[in-house]
Number of protein chains: 2
Amino acid sequence: MNAPATHAHLQPGAPLRPVPEAFLDALRARFGAQCSTAQAVREQHGRDEGSIQAPPPSAVVFAESTQDVADAVRLAAQHGVPVIPYGAGSSLEGHLLAIQGGISIDVSRMNRLLRVDADDLTVTVQPGITRKQLNEAIKDTGLFFPIDPGADASIGGMAATRASGTNAVRYGTMRENVLALEVVTAAGEAIRTGTRAKKSAAGYDLTRLLVGSEGTLGVITEVTLRLYPLPEAVSAAICSFPSIEAAVRTVIQTIQLGVPIARVELIDANTVRMVNAHSKLGLREEPMLLMEFHGSPAGVQEQAETVQSLAQEWNGNAFEWATTPEERTRLWTARHNAYFAAVQSRSGCRAISTDTCVPISRLADCLLDSVAEADASGIPYFLVGHVGDGNFHFGYLIDPDSPAERQTAEALNHQLVARALSLGGTCTGEHGVGIHKMGFLLDETGPGAVAMMRAIKQALDPQNILNPGKIFAL
Amino acid sequence: MNAPATHAHLQPGAPLRPVPEAFLDALRARFGAQCSTAQAVREQHGRDEGSIQAPPPSAVVFAESTQDVADAVRLAAQHGVPVIPYGAGSSLEGHLLAIQGGISIDVSRMNRLLRVDADDLTVTVQPGITRKQLNEAIKDTGLFFPIDPGADASIGGMAATRASGTNAVRYGTMRENVLALEVVTAAGEAIRTGTRAKKSAAGYDLTRLLVGSEGTLGVITEVTLRLYPLPEAVSAAICSFPSIEAAVRTVIQTIQLGVPIARVELIDANTVRMVNAHSKLGLREEPMLLMEFHGSPAGVQEQAETVQSLAQEWNGNAFEWATTPEERTRLWTARHNAYFAAVQSRSGCRAISTDTCVPISRLADCLLDSVAEADASGIPYFLVGHVGDGNFHFGYLIDPDSPAERQTAEALNHQLVARALSLGGTCTGEHGVGIHKMGFLLDETGPGAVAMMRAIKQALDPQNILNPGKIFAL
């Protein structure tokens, strides 16, 4: 382990900015019971699922409309106070932390389905609706929204972090599936980007610029999404392999052949053990692929046969099928609970998650070297991956009271990111930059691209009130 | 016909800016024979395939490297002179016109394939390579680049205008298929955006911001693209219908069922007549769909059977199959030559093209009302469409010496755009804004989004030297 001397990506940026009492008075006057300064409420809004901590925001506004968001931002702009949008609180890289002070704008009450255009395969929602609420609300249309980051995140938050997850290998990420937005700018004005048309060449792609901007360029107040017809046939299978390499090589060939697999997740043997213990399953404790095929009955069978024959060449076991919806849900729930299963496997631990994504041909190299490093470190970890996209996550399970363990985990992360970048990959496939990966972003893009991001930020938010201190330092 | 009183979208913007002799001397000193001020060369670079005219640029630099582009931009920045990137000259909305003066940077000599990563399904090219050159260069890899705007455009130009075309219904547009860019900024510095990873959440999506920015935010000097495995089976078919409506309803249901059709093009009866005359074909002179199916042999058959049964419900004829590659090429060449066939059908005419795109459920309404208006106007026209995406083009064939005809055509375009916007669509699916659609862009997004675009432009190009006067007025 050669731990780097410093971790610039853990610096919180500028100091806390003042939140004048006059501003809080104005907020209370405008929002009444929709504004809370209770300690418990503030603390709940001052953290996310990641491992970084900061003082909580000074107040939380529970917005119920675009007008509420616009008014809160306008008041904040008048007083130069930071605003941090809050959806479901499931981000991982410190996105929600009030590291420069300010207030949280909670949009979870803005969770209405505004319009479904089933014939156009589109839906327009408020940002606080979660992906599960959305799919429940449209279940009678024969359509579904596929993006599935695991957590039951809010759609606004998923757009803000450019989320993806298990279905992205087939259906793309929020980048491909957000058609249009309504956003409140730093001046407190609501603007619209995009239309319901499937494609457009009408000027700068503000929609794609705002998707993934982590609340630093505007507060998302409405999202229009693409939907997909529920597949006629769905089948899920698991397949165990003698090694991680065998599993990964099977995936690489599947992608290179162009098989339109809907999901293909890697779970390493150690993580299968944690999942078995947590979810009372009896999965074979070997490296495993969890797959799902969507299409016509014949198409699904054809895809599965192709992948099965590739797996056999790598000494994979025969597929075990989950044919009923209940069996499939049980398997996917176990997969989504891998994080919690892992965290519960070590009492009192916190997980430090990695999120590299590499070109598919480099996936095996990147993964295997990083597994060897993690094994050598002695830190317990879990390993799961959306491997069809070349994206995987280690979660290093550290004792939060041990600076040495945190340093070791950060050093592992650092080495993994350096490896991914040298292989043509990215430091973050889907979690975003937040506070934690600011140094990595600079390593990845070089100073020129970050300077361009900074110039855009300064042009659109000259007071730097929109979620300041995230993505890059100003 | 209620022609609008004014056409703000035809205003050329600010007056010509001076191009100092000292600047031209510096260009000649740096570029020697790579810099031309010959009248014929300047005129060739001062127009595109659209119908707007302007004085030519003062000089043309034939760049052969990123360094050449950077040096040309840096010299231009020192003298405050506009620069206009030039690829294949096939844009349609006045993108290339030197309406504020300046120089053209021709990148057509930068047409090398820099790297193919067949295992990753990616390729990196210089911007001047055309889509046909690219596909020729990679033909031994078993992969192809699907985006096909008809013209043999340069990849850099296709990225700059967010091009799409016939295959976009299945494979997406340049928005979805550009992974990474190298771009020379207004300061003459080369920066990189994106990586070869399939997805990323690493900061602002500069790649997507630059795709479609029409040379106004940077000059593209390198493009990394997604490739696709050549489908195991391809079949093409044509199907004639008793009416445009019947053809369009078949397409709408095809898309709503989620059939992964690779191409589905509408050609109206009048345009079929023009194509027959031009390409010596004997196609039935009725509204026609030209379709292509990609997949496994069984998958292709299944898709075709589904669409055939939908077409029958709308009284479409039996599919006529083009089974050999030669027959398919003949059909698609005829489709791509529809523009030229139409222009040749009226001696000396120019085509004014429309490019609206609407949500698929509104396609029939939008098309049929606009056909009625065009028929009533007496102006000859062609009508083709990438109807699977809700995108179609009228080409009004006007006498360029008749202001009355131009006004009538612009009025038809205006009414069509207003209709598309009222149906939730966009004024441009794939041609871009250029000069011609600046007013339409404002109608579409409202002033808030255009103000955001302007702020970004001013931040990244404070001297306004990068293709000024396009997309919006400053």
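Which residues of helix H10 (residues 269-279) of chain B are buried? They are Ala269(B), Thr271(B), Val272(B), Met274(B), Val275(B), Asn276(B) and Ser279(B). Keep in mind that this is a predicted model. Below is a quick tour: chain A as a whole, the nonpolar core, the H10 helices, and then a handful of single residues.

**Chain A overall**

- Chain A's secondary structure adds up to 16 helices and 18 strands.
- With a radius of gyration of 22 Å, close to the 23 Å from the globule rule for 474 residues, chain A is as compact as a globular protein of that length.
- If you're setting up a box in your head, the C-alpha atoms of chain A fill roughly 70 × 55 × 45 Å along the principal axes.
- Of the 474 residues in chain A, 64% are buried.
- Take the chain A contacts between residues at least 6 apart in sequence: 72% of them join residues at least 24 apart.
- On the surface side, chain A exposes about 16,000 Å², and carbon and sulfur atoms supply 50% of that.
- Chain A carries 38 positive and 50 negative charges, and the mean positions of the two sets sit 4 Å apart.

**The nonpolar core**

- The largest nonpolar core has 183 residues, and the members touching the most other members are Met174(A), Tyr396(A), Ile456(A), Met174(B) and Ile456(B).
- Helix H16 (residues 438-460) of chain A gives this core its largest share, 10 residues.
- Ile456(A) has partners in both chains: leaving out residues up to four places away in sequence, it touches Leu209(A) and Leu217(A), plus Tyr204(B), Leu206(B), Leu209(B), Ile456(B) and Leu460(B).

**Helix H10, chain by chain**

- In chain B, the cover over the buried residues of H10(B) includes strands S13 (263-267), S14 (288-295), S17 (381-386) and S18 (391-398), along with helices H12 (325-336) and H13 (338-345).
- Just past H10(B) comes Lys280(B), with a positive phi of about 55 degrees.
- Over in chain A, the buried residues of helix H10 (residues 269-279) are Ala269(A), Thr271(A), Val272(A), Met274(A), Val275(A) and Asn276(A).
- For H10(A), the elements covering those buried residues include strands S13 (263-267), S14 (288-295), S17 (381-386) and S18 (391-398) and helices H12 (325-336) and H13 (338-345) of chain A.
- H10(A) is followed by Lys280(A), which sits in the loop between H10 and S14 of chain A.
- Lys280(A) is not a glycine, yet its phi is positive, near 50 degrees.
- Lys280(A) has a relative accessible area of 65%, so it counts as exposed.

**Three asparagines**

- Asn276(B) belongs to helix H10 of chain B, and at 8% relative accessible area it is buried.
- Asn276(B) touches Leu281(B), Gly282(B), Leu283(B) and Glu285(B), not counting residues up to four places away in sequence.
- Asn276(B) and Ala341(B) are 65 residues apart in sequence, but their C-alpha atoms are 8.6 Å apart in space.
- Asn413(B) is found in helix H15 (residues 403-422) of chain B, and its relative accessibility is 1%, so it is buried.
- Setting aside residues up to four places away in sequence, Asn413(B) touches Ile352(B), Ser353(B), Thr354(B), Tyr396(B), His436(B) and Phe440(B).
- From Asn413(B) to Val125(B), 288 residues away along the chain, the C-alpha separation is 36 Å.
- Asn464(A) lies in the segment after H16 of chain A; its relative accessibility of 15% is under the 20% cut-off, so Asn464(A) counts as buried.
- The contacts of Asn464(A), again without residues up to four places away in sequence, are Arg17(A), Gln100(A), Lys457(A) and Leu474(A).

**A backbone angle to check in the segment after H16**

- Ile471(A) is in the segment after H16 of chain A.
- Although Ile471(A) is not a glycine, it has a positive phi of about 70 degrees.
- Buried or exposed, where does Ile471(A) fall? Its relative accessibility is 0%, so Ile471(A) counts as buried.

Definitions and conventions
Residues are numbered from 1 along each chain as its sequence is written. Chains are lettered from A and ligands numbered from 1 in the order in which they are written. This is a predicted model: local features need pLDDT of at least 70, side-chain atom pairs count only at pLDDT 80 or more; totals for chains, interfaces and linings use all residues. Side-chain values use heavy atoms; hydrogens and water are left out. Helices (H or I, at least four residues) and strands (E, at least two) are DSSP runs, numbered from the N terminus. The radius of gyration is taken over C-alpha atoms; the globule rule is 2.2 Å times the number of residues to the power 0.38. Buried means under 20% relative accessible area, exposed over 50%, partly exposed in between (1.4 Å probe, protein chains only). Contact means heavy atoms within 4.5 Å. Accessible areas come from the Shrake-Rupley method with a 1.4 Å probe; for residues, only the protein chains shown count as cover. Lys and Arg count as positive and Asp and Glu as negative; His and the chain ends are not counted. The place of a charge is taken as NZ of Lys, CZ of Arg, CG of Asp or CD of Glu. A nonpolar core is a set of buried Ala, Val, Leu, Ile, Met, Phe, Trp, Tyr and Cys residues joined through side-chain atoms within 4.5 Å.
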